[in-house]
Amino acid sequence: MKRLTEGRKMFIIVMAIYIFYGAFFVIFDDFDRRVWTPLSEEWDWHMMGVGIVILVILAFILHRYSHRMDERISREQAEKENTLRRQLTQNIGHELKTPVASILGYTETLKDNPDIAPDIRQQFIERTHSQAERLTHLLSDLSTLNRLDYAPDKVEKERLDLCRLFSDIVQEVQLSLTQHNMTLRNCLPGSIVIRGNQSLLYSVFRNLIDNAINHAGNGTTIELTASELPRHWQFTFSDNGVGIADKHLPHIFERFYRIDKSRSRATGGTGLGLSIVKNAIVMHGGNISVKANQPRGLIFTFTLEK
């Protein structure tokens, strides 16, 4: 079914109101809506004729205005999309430039210096591999966002136990938690079964944990809780880490938005993790918000449709 544009909606609503009131005043002789004498006098026919003429004129004017309104809205949306696309392209190019330059620099050094010391050679190989992994993560995140933007209806869903999924993630990040002297409290109930995409929901919880590990600071405590609502599950993901300034909170779900660019690149972040989190949650019928924890840290609150 073709979606109604804003102009068509305006046209239909105004015309419907006009036709309703025109019919009401022609059909009823009085205004207490008790007497029904349709077109009983010649004057009624004259009024109906005038009403039809006015209706045609009004329809013509509204049709032209609604068409121009739709064109203006489409043009503004296209300009906005083009601006966002240019910004995204510039950000992608900027993000790709650093690891590509590093890889080229290391490999050229190895190629031009075949007699380089073994320990330095190994160091350059490890750095090249690290930058290649960063590129892989960036391309993977871009692929995920592209799928959410342009083919959300093709995302396969199945029955999943989120508690089991989160437990698996906790085991995967346990080494990183230990290295940062961090504690993760899993306060989920025994079972939370929803219909969703396993890969995207994995990205939601994994990106939130990785974000806390990379930015909350050593010795931080992370906690995940859940409560059941009539149609959704509501989750609270919180930490008592260093937190961020309030001015950054409205922007942290934007693509490539970074608070500390040098630190983000040092930890291997792509700047797309929280954007993936938001888009994946919206695709599962939920929403997400963030606020400062007290006395410090962050609290992410999000819902997922049952």
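In the predicted model, E228 and K306 form a salt bridge, with 2.8 Å between the closest N and O atoms. This pair connects distant parts of the chain, since E228 belongs to strand 4 whereas K306 is located in the segment after strand 7, 78 residues apart. The two partners fall into separate accessibility classes: E228 is exposed, at a relative accessibility of 52%, and K306 is partly exposed, at 37%. A further ion pair is formed by the side chains of R231 and E305, with an N to O distance of 3.9 Å. Because R231 is placed in the loop between strand 4 and strand 5 and E305 in strand 7, this pair ties together parts of the chain that are 74 residues apart in sequence. R231 is exposed, with a relative accessibility of 58%, while E305 is partly exposed, with a value of 33%.

In total, five salt bridges are present in the structure. One of them joins the side chains of R206 and D210, at 3.1 Å from N to O. Both residues belong to helix 5 and are four residues apart, so about one helical turn separates them. R206 is partly exposed, with a relative accessibility of 22%; D210 is likewise partly exposed, at 24%. These two residues also take part in a salt-bridge network with E172.

With respect to overall architecture, the protein comprises seven helices and seven strands. Read from the N terminus, the order of elements is α-α-α-β-α-β-β-α-β-β-α-α-β-β. Among contacts with a separation of 6 or more, 70% involve residues 24 or more positions apart. The protein has 306 residues, of which 32% are buried. Its accessible surface amounts to about 19400 Å², and carbon and sulfur atoms contribute 55% of this area.

The largest nonpolar core contains 44 residues, and the members with the most contacts inside it are L162, F235, F237, F300 and F302. Two or more residues of this core are supplied by each of helix 4 (162-179), helix 5 (198-215), strand 4 (221-228), strand 5 (232-239), helix 7 (273-283), strand 6 (288-292) and strand 7 (298-305). When residues up to four places away in sequence are not counted, L162 touches I192, I194, L201, F205, F235 and L304. Another core lies apart from the 44-residue one; this core has seven residues, including I92, L138, L145 and L272.

Strand 6 and strand 7, both contributors to the largest core, run antiparallel and are joined by five bridges. Within this pairing, A292 has L298 of strand 7 as its bridge partner. The two strands form a hairpin with five residues between them, in which G297 adopts a positive phi near 110°.

Towards the N terminus, S66 is situated in helix 2, which covers residues 42-112. S66 has a relative accessibility of 6% and is therefore classed as buried. Apart from neighbours within four places in sequence, the contacts of S66 are with G7, R8, M10 and F11. The C-alpha atom of S66 is 10.0 Å from that of I12, and these two residues are 54 positions apart along the chain.

A nonpolar patch on the surface is formed by I13, I17, F20 and Y21, which together have about 420 Å² of accessible area. Of these residues, F20 is located in helix 1 (residues 6-27). F20 is partly exposed, its relative accessible area being 48%. Membership of such a patch requires over 30% relative accessible area, so the value of 48% for F20 meets this cut-off.

Notes: Residues numbered from 1 in each chain as written. Predicted model: local features only at pLDDT ≥ 70, side-chain atom pairs only at ≥ 80, totals over all residues. Heavy atoms only, no water. Patch = residues over 30% accessible without salt bridge, like charges linked within 9 Å, V, L, I, M, F, W, Y side chains within 5 Å. Areas by Shrake-Rupley, 256 points an atom, 1.4 Å probe, with all protein chains shown as cover. Salt bridge = Lys/Arg side-chain N within 4 Å of Asp/Glu carboxyl O. Buried < 20%, exposed > 50% of the residue type's maximum accessible area, 1.4 Å probe, protein only. Contact = heavy atoms within 4.5 Å. Core = buried A, V, L, I, M, F, W, Y, C linked by side-chain atoms within 4.5 Å. Pairing = 2+ DSSP bridges.
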